[in-house]
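Biologist: I would like a close look at one part of this model. Please take me through one end of the sheet and the loops beside it.

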Amino acid sequence: MVQLFGQSFSRNELQGYSTNIGQFGGIHAVELASGRGRGVRALEVATGTGLEFTVLVDRALDITHAAFRGRSLAFLTAAGEPHPAYAEPAGAGW
């Protein structure tokens, strides 16, 4: 059972309300396409209860954007979501 819109639904009940259950929540794989974050893989997660967030796969599963019912929960820096290649100088790593 899943809690959605203040009610409990089974998967079959939810499918009766929509042709695509993904509209109620899910995970979408994306890749950032601009700026210093170009090429960073990310997962956009929507729980269906109002919690939505983005996980940066290539940045140790860093959570970037996060919101609950449209209200921001995340602190976003001016640096944005840079690619890991910008994190340390070449040759200075492990």
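Biologist: Which residue in β7 does F68 stand opposite?

Modeller: In this predicted model, F68 stands opposite R71 in β7. The strands β6, residues 62-68, and β7 run antiparallel and are joined by two bridges. They belong to an open sheet of five strands, in the order β3-β4-β5-β6-β7, with antiparallel pairing. β3 (26-31) and β7 (71-72) are the edge strands; each has a single partner, so one side of each has no neighbour in the sheet. Strands of a sheet pair through backbone hydrogen bonds.

Next, the loops on either side of β6. R69 lies in the loop between β6 and β7. Its phi is near 50 degrees, which is positive although R69 is not a glycine. Most residues other than glycine have a negative phi. L61, in the loop between β5 (51-56) and β6, also has a positive phi, near 60 degrees. Both residues count as exposed: the relative accessible area is 54% for L61 and 65% for R69.

The loop before β6 also takes part in charge pairing. Side chains of opposite charge can pair when their charged atoms come close. The structure holds two salt bridges. One joins the side chains of R41 and D58, at 2.6 Å from N to O. This pair links distant parts of the chain, 17 residues apart: R41 is in strand β4 (residues 41-46), and D58 is in the loop between β5 and β6. R41 is partly exposed at 43% relative accessible area, and D58 is partly exposed at 24%. The other salt bridge joins R59 and D62, at 3.5 Å from N to O. Here too the partners are partly exposed, R59 with 26% and D62 with 34%.

R59 leads on to E81, which lies in the segment after β7. E81 is buried and has no salt bridge; R59 is the nearest side chain of opposite charge, 7.3 Å away. A salt bridge needs the nitrogen and oxygen within 4 Å, so at 7.3 Å E81 and R59 do not form one. The side chain of E81 does make polar contacts: one of 2.8 Å with the side chain of T64, and one of 3.1 Å with the side chain of H65. Leaving aside residues up to four places away in sequence, E81 touches several others, among them L32, V40, L56 and R59.

Definitions and conventions. Residues are numbered from 1 along each chain as its sequence is written. This is a predicted model: local features need pLDDT of at least 70, side-chain atom pairs count only at pLDDT 80 or more; totals for chains, interfaces and linings use all residues. Side-chain values use heavy atoms; hydrogens and water are left out. Two strands pair if DSSP finds at least two bridges between them. Helices (H or I, at least four residues) and strands (E, at least two) are DSSP runs, numbered from the N terminus. Buried means under 20% relative accessible area, exposed over 50%, partly exposed in between (1.4 Å probe, protein chains only). Lys and Arg count as positive and Asp and Glu as negative; His and the chain ends are not counted. A polar contact is a pair of N or O atoms within 3.5 Å; within protein, one must be able to donate a hydrogen and the other to accept it, and residues adjacent in sequence count only if both atoms are side-chain atoms. Contact means heavy atoms within 4.5 Å.
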